[in-house]
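Welcome, and thanks for taking a look at this one with us. Please have the sequence and the fold open side by side as you read the briefing below.

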Amino acid sequence: MRHTLSLSLGLALFASLAIAGVPTIAHGQAPSPSTLPRPLRSTDLYRLRDVGAGRISPDGQWIAYTVVTVDSAKDRSDSDVWMVNWEGTRTIKMAGSPEGESNPRWSPDNRYLSFVSGRYESKGGQIWLLDRAGGEAVRLTELKGGVSEYEWSPDGTRIALVSHDPDPDDGKPDSLRSRTPKPIVIDRYAFKRDGDGYLDRRRDHIHVVHVATKQVVQITSGDFDDRQVRWSPDGTRLVFTSERTEGDPDRSNNSDLFVVDAVAGATPRTLTTWRGPDAGAVWSPDGTRIAYLQASEPELSAYTQNTIAVVSADGGAPRLLTAALDRDVSQLSWSADGTSLRFLVGDDRAQHLAQVDVGTGAVTRLADGRRVVTSYDVASSGRTVLNTGTAQRSAEVFAWANGALRALTHVNDSAFAALQLGTTEDVQFRNRDGLTVGALLTKPVGFDATKKYPLLLRIHGGPNGQDQHLFQFERELFAANGYVVLQVNYRGSSGRGQAWKKAIFADWGNKEVQDLLAGVDHVLSLGFVDPNRLGIGGWSYGGILTDYTIATTTRFKAATSGAGSALQTSMYGSDQYIFQYENELGAPWKNPKVWEKVSYPFYKADRIRTPTLFMGGERDFNVPIAGSEQMYQALKSLGVPTQLVVYPGQFHGISRPSFVRDRYDRYLAWYDKYLAVVTP
């Protein structure tokens with residue numbers, strides 16, 4: 001790696017760089033011509049880095065972003081703030097510390113670059129400011145509840161932020177707190193959440209901090225959470241999202257938009273009244289309208305799909321702009337003249353940047369193709385940056401101008417230059433009901449159509465999600481080890497419209513399994529897969545569908561089921577999905593037959609013949625480890641080859657780098673053992 005400039009040298013460099021013409025300072029350098037590309041290895045997770053959303057300065061000259069690196073020695077990840085100029089010729093490391101930095105934002109007057117960090121023993125993540133005139137970063141906030149999100153006021157004098165109510169025991173020495181733990185007292189309907197643990201009555205509320213004085217004023221309060229705060233163009237009001245339904249908000253799956261004056265003691269005014277979730281509000285440039293995302297009916301919590309709505313800032317009936325689009329939409333922003341809205345649209349294995357005409361509702365795709373745009377940002381000058389990637393490359397920051405993309409960051413160029421990847425293609429086929437199902441098929445490195453390969457059916461979670469054209473480490477690792485990888489966007493997935501999503505409502509493990517098996521049959525018909533060497537696996541709902549599938553057919557010779565469940569009745573009150581259960585399946589004592597039907601992998605465990613590796617996080621409240629333990633115990637009792645791996649201290653998503661690598665290695669070892677693959 002080449003050396004980097006750090007902001008500890010002083011931001012006076014900021015202005016001098018443009019004058020002196022300092023050359024690009026790259027994140028990495030290209031390999032020598034003699035270095036031959038090689039297949040991916042599990043250790044490459046320490047080389048590949050994640051590039052965060054690009055944030056363009058108001059003058060359009062610089063783009064700030066984060067880079068997440070993995071330290072194998074310390075067994076942890078770290079996030080630092082970088083910036084690149086619009087031309088893509090100069091790259092500078094702006095902020096870094098062992099505690100990590102995130103969420104960079106520019107002040108409207110271009111004076112400050114702000115970010116969130118827990119550096120120097122601050123209480124949770126706090127907002128820090130880098131003055132472009134020079135000097136070190138300065139901590140702006142010291143909130144005991146930390147900062148989870150924030151936005152600059154239009155005039156740059158204040159910042160609106162969301163902070164958690166402080167812990168009443170905060171301030172006590174850690175030694176004293178550990179010696180005298182208190183009982184966990186619970187009185188909420190929804191009482192647990194993965195990553196947060198058991199939920200108490202401390203909530204997230206909106207505050208405003210004055211940049212010059214560091215004075216903090218709390219704007220909202222009460223027994224509900226407030227989030228997604230945005231300033232009005234004149235800086236007098238705030239719009240935010242909150243669940244303030246009359247009665248118990250935990251039982252409603254309804255969030256509305258509220259507008260409040262940006263002063264202490266102001267009373268929020270309800271803006272929307274849709275009985276389902278409303279969120280993601282953005283003000284029109286003239287402050288007269290608010291665009292936002294209206295989700296599906298609350299009962300469809302697992303299959304929800306947003307549409308773009310616009311409402312008067314004074315209230316009234318909203319107007320839906322993209323109901324006819326019937327695709328997933330997100331990340332709204334207004335055009336400078338207020339005539340259109342930009343947004344991201346997820347569509348059949350891809351995600352594009354698009355815009356909708358506010359007057360006519362006409363939708364235009366801007367940056368499209370077989371790629372995924374993960375985020376975008378627009379300067380007041382109109383300059384636009386995108387984070388986007390393809391099946392062959394992870395997302396980087398690009399300038400988007402005149403309908404063309406131009407790479408600004410090259411964080412992973414050297415890493416990918418050293419790798420030989422598989423080939424990912426679109427495939428589609430008919431399911432039992434005659435519907436067309438879309439999927440991705442990745443052929444292994446050095447693919448030869450005259451040979452017979454083992455096939456891995458890898459199933460995405462959600463189910464409200466999709467396999468898409470964006471680099472995925474896991475499937476490339478399998479392809480590097482001689483596997484053909486099939487990923488099916490079964491019914492229940494996103495990217496194909498609302499009807500496709502809700503087709504599995506209260507009917508889990510039926511249509512999805514049909515679609516998965518139809519995909520396997522289609523690939524077998526292509527002639528290069530060995531029907532006697534079929535593997536299956538997934539995580540979360542992918543693990544759940546693995547359990548359903550191996551209880552339906554014995555054709556798979558090896559399976560890995562991560563963070564899954566099969567005895568669904570036992571998940572009631574154990575995980576975080578109580579609203580979905582009671583509104584989709586009904587309470588177990590009211591509809592025991594339905595619960596028994598969706599629990600068939602456990603009750604029909606004696607039909608399973610597939611050797612299965614079960615895995616999960618010890619502290620997972622999303623799909624608790626009990627789901628994997630129960631299936632492991634069942635197969636162990638039945639004499640089916642099985643193993644259970646529990647990752648200590650981990651939640652639903654495995655985050656400790658050594659555990660991430662361990663999981664990849666165990667996947668490969670399990671599949672290799674039963675599918676007899678010779679690793680290249």
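A residue counts as buried when its relative accessible area is under 20%. By that cut-off, strand E36 (residues 529-539) is mostly covered, with 9 of its 11 residues buried. Please keep in mind that this is a predicted model. The points below start from E36 and then turn to helices, a sheet and two single residues.

**Strand E36 and its partners**

- On one hand, E36 pairs with strand E34 (453-459); the two run parallel and are joined by 6 bridges.
- Within that pairing, Leu457 stands opposite Ile536 of E36.
- E36 also runs parallel to strand E37 (residues 558-562), and 5 bridges join them.
- Here Gly535 is the residue that stands opposite Ala558 of E37.

**Helix H4: a covered helix**

- How many of the 8 residues of H4 are buried? The count is 8 of 8, so H4 is largely enclosed by the rest of the structure.
- The buried residues of H4 are Phe473, Glu474, Arg475, Glu476, Leu477, Phe478, Ala479 and Ala480.
- What covers them includes four strands, namely E32 (423-430), E33 (436-443), E34 (453-459) and E35 (484-488), together with helix H12.
- Just after H4 comes Gly482, which takes a positive phi of about 90°.

**How H4 meets H12**

- Two packed helices are described by the angle between their axes and the distance between the axes.
- For H4 (residues 473-480) and H12 (residues 657-675), the axes come within 11 Å and cross at roughly 40°.
- Angles from 35 to 65 degrees fall outside the parallel and perpendicular ranges, which makes H4 oblique to H12.
- The crossing of H4 and H12 is right-handed.
- On the H4 side, the contact is made by Phe473, Glu474, Leu477 and Phe478, and on the H12 side by Tyr664, Tyr667, Leu668 and Tyr671.
- Sorted by class, the contact of H4 with H12 holds 7 nonpolar residues, 1 charged residue and no polar ones.
- A helix has a repeat worth recalling when you read such contact lists: an α-helix has 3.6 residues a turn, so residues three or four places apart point the same way.

**How H6 meets H7**

- The axes of helix H6 (residues 511-525) and helix H7 (residues 541-550) come within 10 Å, crossing at roughly 80°.
- Because angles of 65 to 115 degrees count as roughly perpendicular, H6 is roughly perpendicular to H7.
- H6 contributes Glu512, Val513, Leu516 and Leu517 to the contact, while H7 contributes Tyr541, Leu545, Tyr548 and Thr549.
- By class, the residues of the contact of H6 with H7 divide into 6 nonpolar, 1 polar and 1 charged.

**Helix H8 and the loop after it**

- In helix H8 (residues 578-585), 6 of the 8 residues are buried, so H8 is largely enclosed by the rest of the structure.
- Those buried in H8 are Ile578, Phe579, Gln580, Tyr581, Glu584 and Leu585.
- The buried residues of H8 pack against helix H9 (592-598).
- Gly586 follows H8 and has a positive phi, near 85°.
- In the loop between H8 and H9 you will find Lys590. Is Lys590 buried or exposed? At 63% relative accessibility, Lys590 counts as exposed.
- From Lys590 to Val345 the separation is 245 residues in sequence and 39 Å in space, C-alpha to C-alpha.

**A four-stranded open sheet**

- Strands of a sheet pair through backbone hydrogen bonds, either parallel or antiparallel.
- One open sheet of 4 strands has the order E16-E17-E18-E19, and its pairing is antiparallel.
- Strands E16 (226-231) and E19 (269-270) are the edge strands, each pairing on one side only.
- E18 (residues 256-261) and E19 pair in the antiparallel sense over 2 bridges.
- Phe258 stands opposite Thr270 in E19.

**Glu101 in strand E6**

- Glu101 lies in strand E6 (residues 101-106).
- With a relative accessible area of 1%, Glu101 is buried.
- Leaving aside neighbours within four places in sequence, Glu101 is in contact with Thr66, Ser79, Asp80, Val81, Ala95, Gly96, Phe115, Val116, Ser117 and Arg119.
- Glu101 and Thr549 are 448 residues apart in sequence and 42 Å apart in space, C-alpha to C-alpha.

Key:
Residues numbered from 1 in each chain as written. Predicted model: local features only at pLDDT ≥ 70, side-chain atom pairs only at ≥ 80, totals over all residues. Heavy atoms only, no water. Axes fitted to C-alpha atoms, helices over the stretch in contact; angles between N-to-C directions. Parallel < 35°, antiparallel > 145°, perpendicular 65-115°, else oblique. Left-handed = near helix turned anticlockwise from the far one by under 90°. Contact = heavy atoms within 4.5 Å. Nonpolar A, V, L, I, M, F, W, Y, C, P; charged D, E, K, R; others polar. Pairing = 2+ DSSP bridges. Buried < 20%, exposed > 50% of the residue type's maximum accessible area, 1.4 Å probe, protein only.
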